[in-house]
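Me: I am new to this structure and would like a close look at a single part of it. Please pick one residue to start from, then follow the chain outwards in short steps.

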Amino acid sequence: MRYTGPKVRLSRRAGVPLTRKAVKYFEARPYPPGEHGRATNRRTIGDYGVRLLEKQKLRWYYDVSERQLRRYWDLAVGRPGRSGEELVALLETRLASLVLRAGLAPSIYAARQYVNHGHIAVDGRKVDIPSYQVKPGQSVAVRDRSVRMQPFVAAAEGTYADERIAPYLDVDHRGLRFTLLRRPAREEIVVPVDEQLVVEHYSR
């Protein structure tokens, strides 16, 4: 199951802010949630706990379920590249992930909702599946019937955009559209996870 509780709580459990909104909350309370959060020493967890937490961070960052992440892992293992890098690339090229990365949504949760509610089109056709794998050369845009909605008006003004646009995307914020230019390289993907620990977790 996907986590549906308070999102900032996940950042405090992960030990890093997983969303923009979580940054200021995490800075104010940089310790795990719960009654004994302040007394928790992250350094005392064993090797298994370290690898498990890294896998959870990856899952929370992309807002996928345990079953989905396992499926992506199985796909990554079957690819010719390094399994960890392939796993991150698969997650990054999900439609919801790219809607966020292009600055059309303020968070991965909003991006998933926009896709689910039919506001996003791929190559001119509505796609309402957040896990849809976008291929290089495909163009993604906010549908015409949705462009006047307040969140997309804000996106058109660059409100949600990162300071540096991902090099594998060609983004037109004013037009509320972007194109995936090529498959992203691992060093280009900004995600606070050591994927090698995730590989070790699944390979144990």
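Reply: L176 is the starting point. Its relative accessible area is 4%, so L176 is buried. Buried here means under 20% relative accessible area. One caution before going on: this is a predicted model.

L176 sits in the loop that links β4 to β5. Its backbone has a striking feature. The phi of L176 is positive, about 55°, yet L176 is not a glycine. Most residues other than glycine have a negative phi.

Now step from the loop into the sheet. The strand that follows the loop is β5, residues 177-180. β5 pairs with β3 in the antiparallel sense, over 3 bridges. Two of the partnerships can be picked out by name. R177 of β5 is the bridge partner of A141. T179 of β5 is the bridge partner of S139. In a regular strand, side chains alternate between the two faces of the sheet.

On the other side of the loop is β4, residues 169-172. To place β4 and β5, look at the whole sheet. It is open and has 5 strands, in the order β2-β1-β3-β5-β4. The pairing is antiparallel. The edges are β4 and β2 (125-126), and each of these pairs on one side only.

Move along the sheet from β5 to β3, and then on to β1. β3 covers residues 139-142, and β1 covers residues 120-122. These two strands run antiparallel and are joined by 3 bridges. V122 finds its bridge partner in V140 of β3.

Step back for a moment. The protein chain has 9 helices and 5 strands. In sequence order the pattern reads α-α-α-α-α-α-α-β-β-β-α-β-β-α. The chain has 204 residues, and 48% of them are buried. Of the contacts with a separation of 6 or more, 58% link residues 24 or more positions apart. The exposed surface comes to about 11,000 Å². Carbon and sulfur atoms supply 49% of that surface.

Continue from β5 towards α9. The loop between them holds D194. D194 has 38% relative accessibility, so it counts as partly exposed. At the start of α9, a side-chain oxygen of D194 comes to within 3.1 Å of the backbone nitrogen of Q196. D194 also has a distant partner in sequence. E54 is 140 residues away along the chain, but the two C-alpha atoms are 6.8 Å apart in space.

Helix α9 spans residues 195-203. Its buried residues are E195, L197, V198, V199, H201 and Y202. What do they pack against? The buried residues of α9 pack against three helices: α3 (47-62), α4 (66-77) and α5 (83-92).

Take α5 in detail. The axes of α5 and α9 are 8 Å apart and meet at an angle of about 105°. The two helices are therefore roughly perpendicular to each other. From α5, the contact uses S83, G84, E85, L87 and V88. From α9, it uses E195, V198 and V199.

Between α3 and α4 there is a loop that holds D63. D63 recalls the starting residue. D63 has a positive phi of about 55°, and it is not a glycine either. Its relative accessibility is 5%, so D63 counts as buried.

One more residue ties several of these stretches together. R101 lies in α6, residues 95-101. Is R101 buried or exposed? Its relative accessible area is 12%, so R101 is buried. Its side chain makes a polar contact with the side chain of E92 at 2.6 Å. The R101 side chain also reaches the backbone oxygen of V190, at 3.3 Å. Beyond neighbours within four places in sequence, the contacts of R101 include Y61, Y62, D162 and A166. Further contacts of R101 include Y168, L169, I189 and V190.

That closes the walk. It began at L176, in the loop between β4 and β5. It then crossed the open sheet of 5 strands, followed the packing of α9, and ended at R101 in α6.

Methods:
Residues are numbered from 1 along each chain as its sequence is written. This is a predicted model: local features need pLDDT of at least 70, side-chain atom pairs count only at pLDDT 80 or more; totals for chains, interfaces and linings use all residues. Side-chain values use heavy atoms; hydrogens and water are left out. Buried means under 20% relative accessible area, exposed over 50%, partly exposed in between (1.4 Å probe, protein chains only). Helices (H or I, at least four residues) and strands (E, at least two) are DSSP runs, numbered from the N terminus. Contact means heavy atoms within 4.5 Å. A polar contact is a pair of N or O atoms within 3.5 Å; within protein, one must be able to donate a hydrogen and the other to accept it, and residues adjacent in sequence count only if both atoms are side-chain atoms. Accessible areas come from the Shrake-Rupley method with a 1.4 Å probe; for residues, only the protein chains shown count as cover. Two strands pair if DSSP finds at least two bridges between them. Axes are lines fitted to C-alpha atoms, for helices over the stretch in contact, and angles run from 0 to 180 degrees between N-to-C directions. Angles under 35 degrees count as roughly parallel, over 145 as roughly antiparallel, 65 to 115 as roughly perpendicular and the rest as oblique.
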